[in-house]
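Here is a friendly note to read alongside the model. Please keep the viewer open and look up each residue as you go.

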Amino acid sequence: FLKNDTSSFWVNDTLYKQQYQYIVSKVVLNTVGKRNNYIMLDKGSRSGIKKDMAVITSNGIVGTVVNVSENFSWVMSLLNKHTRISGRITKNNQMGTVVWNGVDHMYGTLTDIPAHVKIAKGDTIVSSGYSYIFPAGIMMGTISDFRVEQGDHFYIIPFKFSVDFNALQYVYVVKNLMKDEQEALEKSTEGVKN
């Protein structure tokens, strides 16, 4: 006998007029010690999961769905050299790019923040919302250090992930119900000149 848990829930965001569906899924495979880490989930296309959906927990961002079968999903973790997610420092709204250096599964790096910006240890980093995949304001971590290399004009900002990737059990797969409309609008205006 096959038990198919179809638990999912909807969130209407009345402030931004966006609507997201969250599909609860169990982690059935997870790596943290490789340079390119992936996660397998126990839900797939049969549960409405598609490629390019966000994966989060109540603590923050986990990764992005990169492939699906009928009953499983393959997720590219934040702990992967190919992952690039737009992040924002909450106290000053400065935008940068979150990457992983491949060393410690507890720490990521925020790049592209100009060196003149005032930042401090403990500042929080969240998703920017400049993506059709991740909702804005999802926690990513807290700044643990920062430096500027000699001759450079941008910070290197190590931060502690808000998610413990070594202890993942259940996640939410996020379906942006407005994604197709957003992509169609962008595509229809490509090549339009001011």
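The points below start with the whole chain and then turn to single strands and residues.

1. Before anything else, please remember that this is a predicted model. The protein chain holds 1 helix and 14 strands, so strands will fill most of this note.

2. Next, some totals for the chain. Of its 194 residues, 38% are buried. Its accessible surface is about 11100 Å², and carbon and sulfur atoms account for 51% of that. If you take the contacts between residues at least 6 apart in sequence, 57% of them join residues at least 24 apart.

3. Now find strand E7 (residues 85-89) and strand E8 (residues 95-99). They run antiparallel and are joined by 4 bridges. One pair to look up is Gly 87 with its bridge partner in E8, Gly 96. The two strands form a hairpin with 5 residues between them, and Asn 93 in the turn has a positive phi of about 65°.

4. Stay with E8 for a moment, and ask which strand it pairs with over 3 bridges. That is strand E9 (residues 107-111), again in the antiparallel sense. Here Val 99 has Thr 109 in E9 as its bridge partner.

5. Leu 78 sits in strand E6 (residues 73-80). Is this residue buried or exposed? Leu 78 counts as buried because its relative accessible area is 2%, and the cut-off for buried is under 20%. Leaving aside neighbours within four places in sequence, its contacts include Ile 61, Val 62, Trp 100, Phe 161 and Phe 165. Gly 63 is also in contact with Leu 78; the two are 15 residues apart along the chain, yet their C-alpha atoms are separated by 5.1 Å.

6. Thr 64 belongs to strand E5 (residues 60-68). With a relative accessible area of 12%, Thr 64 is buried too. Beyond its neighbours within four places in sequence, Thr 64 is in contact with Asp 52, Met 53, Trp 74, Val 75, Met 76, Ile 133 and Phe 134.

7. Finally, have a look at Lys 43, in the loop between strand E3 (36-41) and strand E4 (54-57). Lys 43 counts as buried because its relative accessibility is 3%. What does the side chain of Lys 43 reach at 2.5 Å? The answer is the backbone oxygen of Val 24.

Key. Residues numbered from 1 in each chain as written. Predicted model: local features only at pLDDT ≥ 70, side-chain atom pairs only at ≥ 80, totals over all residues. Heavy atoms only, no water. Buried < 20%, exposed > 50% of the residue type's maximum accessible area, 1.4 Å probe, protein only. Contact = heavy atoms within 4.5 Å. Areas by Shrake-Rupley, 256 points an atom, 1.4 Å probe, with all protein chains shown as cover. Polar contact = N/O pair within 3.5 Å; in protein donor to acceptor, adjacent residues only side chain to side chain. Pairing = 2+ DSSP bridges.
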